[in-house]
Amino acid sequence: MAGPGTGTLPEEQVRAMFDRIAGVYDLMNSVMTAGMHHRWRERAADLAEVRAGDRVLDVATGTGDLAMALKRRVGQEGEVVGSDFSERMLELARAKADDVEFEQGNALDLPYADGSFHAAAVGFGARNFSDLARGLAEMARVVRPGGRVVVLEMTTPERPPLSWFFGLWFDRLVPLMGRAAGDPDAYSYLPSSVRRFPNARGLGAAMTAVGLVDVRWLVTAGGIIAIHSGRVEEAHGS
């Protein structure tokens, strides 16, 4: 049976969970990553390879930090759309950035035309897709040929001693912090969702499987963070 400890939950339960934890989300991110999540988002924004004036989509935007990093790269003449299914998260995002268009939407059925963005990114949200292949395919669909799809996500380190530390931190301390924050289920779901998510090579293969080319990735933070990018293939003869 699906539940927080399995890393899988029905979509409505995931939405409700993020609505509940929205108020502590930024604080918990900073505590769990020692503030490093901002640096990882900046690197993901770099890998989107966008320029001033471009139009970019941030899927599962949460409270908008990656969308804001992307906006700094496209400038005032560019446009960034941040999409999320949690309205409470979007309320907090709108309070942080009034130069990004934040819209409610489902990552598995994006309400945008084919090829309508220069790039699309997702930061710490892909593991919440109930259908990873469909979510990646939707991101690729809405990006024009030649544009990049970027995925920033946590991954499970495979070698000790970091794998030991990861197990202690994520399996024991993070749920304790969640209990202190008032939502133990949400922060039991988090480590489980990371463990069931593909490793870096597996995610690269999933991106290739939906038609992305030039798929590459970097693993940082001692093997805890992976940042992938892939390009939407251009039509032959273009």
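**Exercise 1.** Leaving aside its neighbours within four places in sequence, with which residues is Leu70 in contact?

*Solution.* The model is predicted, so local features need pLDDT of at least 70 and side-chain atom pairs count only at pLDDT 80 or more, while totals for chains, interfaces and linings use all residues. Residues are numbered from 1 along each chain as its sequence is written, and side-chain values use heavy atoms, with hydrogens and water left out. Contact means heavy atoms within 4.5 Å. With those sequence neighbours set aside, Leu70 touches Ala45, Ala48, Val56, Asp58, Val80 and Ala121.

**Exercise 2.** Identify the largest nonpolar core and the helix that gives the most to it.

*Solution.* A nonpolar core is a set of buried (under 20% relative accessible area, 1.4 Å probe, protein chains only) Ala, Val, Leu, Ile, Met, Phe, Trp, Tyr and Cys residues joined through side-chain atoms within 4.5 Å. The largest has 28 residues, and Leu70 and Ile225 have the most contacts inside it. Helix 3 (65–74) is among the elements that each supply at least two residues. Helix 3 gives the most, with five residues.

**Exercise 3.** Determine the strand order of the sheet and its edges.

*Solution.* Helices (H or I, at least four residues) and strands (E, at least two) are DSSP runs, numbered from the N terminus; strands pair if DSSP finds at least two bridges between them. Seven strands form an open sheet of mixed pairing, in the order 3-2-1-4-5-7-6. Strand 3 (101–104) and strand 6 (212–220) each have a single partner strand, so one side of each is left without a neighbour in the sheet. Within the sheet, strands 4 and 5 run parallel, joined by six bridges.

Key
Buried means under 20% relative accessible area, exposed over 50%, partly exposed in between (1.4 Å probe, protein chains only).
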